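Please look over the structure below. A trainee and a mentor then talk it through.

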Amino acid sequence: METKLCQSCGMPLTDAKDFGTNLDGSKNEEYCNYCFKDGCFTQDCTMEEQIEHCAQFVAEFNKDAGTNFTKEEAIAEMKLFFPHLKRWKK
């Protein structure tokens with residue numbers, strides 16, 4: 001089974017607690033609980049601002065994924081990946 005990714009920040013959605021919520025309180029399977037709550041995005045930001053925010057969590061990502069990205073490398077990868085996510089697709 002393919003892991004779903006938040007379509008705003010790219011976080012893996014591996015557990016029910018990871019999912020955001022719709023206006024009616026049901027789970028939203030496209031966005032994580034950090035990006036989407038009660039049917040709205042939690043932050044009004046640009047893709048570049050989202051990348052800068054996510055770059056704060058590179059150490060945590062490296063630990064969970066078994067990778068060793070520097071912050072700069074992670075930002076470069078996110079700049080390539082994020083335009084393919086639903087929220088940022090043009």
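What follows is a short exchange about one helix, the core and a loop residue.

Trainee: What kind of model is this, and how are residues numbered?
Mentor: This is a predicted model, where local features need pLDDT of at least 70, side-chain atom pairs count only at pLDDT 80 or more, and totals for chains, interfaces and linings use all residues. Side-chain values use heavy atoms, without hydrogens and water, and residues are numbered from 1 along each chain as its sequence is written.

Trainee: Which residues of helix H1 are buried, and why do they line one face?
Mentor: Helices are DSSP runs of H or I, at least four residues, and strands are runs of E, at least two, numbered from the N terminus. Buried means under 20% relative accessible area, exposed over 50%, partly exposed in between (1.4 Å probe, protein chains only). Down the axis, the buried residues of H1 fall within an arc of 100° (directions from the helix axis to the C-beta atoms), so they line one face. In H1 (residues 47-54) they are Met47, Gln50, Ile51 and Cys54.

Trainee: Is Gln50 buried or exposed, and what does Gln50 contact?
Mentor: Gln50 is in helix H1. Its relative accessible area is 4%, so Gln50 is buried. Contact means heavy atoms within 4.5 Å. Leaving aside neighbours within four places in sequence, Gln50 contacts Ser8, Cys9, Cys35, Cys45, Phe82, Arg87 and Trp88.

Trainee: Where is Asp38, and what is its relative accessible area?
Mentor: Asp38 sits in the loop between strand S5 (36-37) and strand S6 (40-41). Asp38 is partly exposed, with a relative accessible area of 41%.
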